[in-house]
Amino acid sequence: MPRNRSEKSREEKSAEIVKIAERLFLEYGYDGTTMAAIAREAGVASNVVHWYFPTKDELFVAVMEALQLQDMQEAAGRLADLSPARAREARVEILADFVCRRLDRHGLISTLHERSQHSDVVAGFHARVHRRYEQGLAMALEHASLPAAERKLVVAALITAIEGLIMHRASKAEARRMMSFLAERLIPPA
């Protein structure tokens with residue numbers, strides 16, 4: 001016999017709300033999405049959404065955390081499966097795909113930057129994003145023949161390029177071309 005809504009665990013209900021909020025934030029943007037609309041879609045009262053996520057910024061961060069985790073896991077899985085012969089070429093593909101996925105989320109990422117100026121919750125998440133990107137890129141470059149000091153500089157340059165491409169709404173073709181260019185010139189073969 002199927003469980004009814006009231007029998008869902010806190011984690012299941014929280015995940016359901018995050019999934020609904022993700023869809024609405026992507027479709028209508030942060031400003032165009034209300035907690036009441038999220039509650040309606042989830043089939044609960046607004047105060048229930050506020051019970052799980054006291055503020056819209058906390059729900060927004062939960063959505064962004066879920067998206068980032070999903071992307072980082074996908075990229076890590078692809079990196080783990082690299083054959084040494086194709087490592088450099090595959091790194092470029094993974095990096096370009098990573099940037100292109102973010103271009104689809106330009107509105108959310110733009111909101112992240114804007115909201116981080118007004119919300120400690122969002123600012124803290126934004127700082128974590130940068131640390132994770134730094135760690136992920138450093139791990140991706142682990143086997144490249146780069147001295148440690150240069151590796152940090154390459155990581156910083158790539159993050160700057162990624163943010164610039166996203167915030168300036170580059171086309172996916174332009175993003176792929178730029179990331180390929182940078183990776184080929186900045187990342188020596190292993």
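In this predicted model, α4, α5 (87-103) and α7 each hand at least two residues to the lining of the largest pocket. Of these contributions, the biggest share belongs to α7, which supplies six residues. The pocket's lining adds up to 17 residues, and those nearest its centre are Ala-75, Leu-79, Gly-136, Leu-137 and Ala-140. What sort of residues make up the lining of the largest pocket? They split into 14 nonpolar, one polar and two charged. As for room, the largest pocket holds about 280 Å³ of space.

Pockets are one thing; cavities are another. Rolling a probe the size of a water molecule over the atoms shows where empty space is left. Counting cavities of 30 Å³ or more turns up just one. About 190 Å³ of space lies inside the largest cavity. Helices that each give two or more residues to the lining of the largest cavity are α4 (56-80), α6 (106-115), α7 (120-140) and α8 (148-167).

Which element gives the most to the lining of the largest cavity? That turns out to be α7, with five residues. Altogether 17 residues line the largest cavity, and Arg-102, Ile-109, Leu-112, Val-129 and Tyr-133 sit nearest its centre. By residue type, the lining of the largest cavity comes out as nine nonpolar, four polar and four charged.

To pull the two spaces together, α7 is the top contributor to the lining of the largest pocket, and α7 also gives the most to the lining of the largest cavity.

Terms used. Residues are numbered from 1 along each chain as its sequence is written. This is a predicted model: local features need pLDDT of at least 70, side-chain atom pairs count only at pLDDT 80 or more; totals for chains, interfaces and linings use all residues. Side-chain values use heavy atoms; hydrogens and water are left out. On a 1 Å grid over the protein atoms alone, a cavity is a set of points where a 1.4 Å probe fits but cannot get out, and a pocket is an open set with protein on both sides within 12 Å along at least five of seven lines; lining residues have an atom within 4 Å of a point. Grid points are joined across faces, edges and corners, and a volume is the space filled by probe spheres set on the points. Helices (H or I, at least four residues) and strands (E, at least two) are DSSP runs, numbered from the N terminus. Ala, Val, Leu, Ile, Met, Phe, Trp, Tyr, Cys and Pro count as nonpolar, Asp, Glu, Lys and Arg as charged, and the others, Gly among them, as polar.
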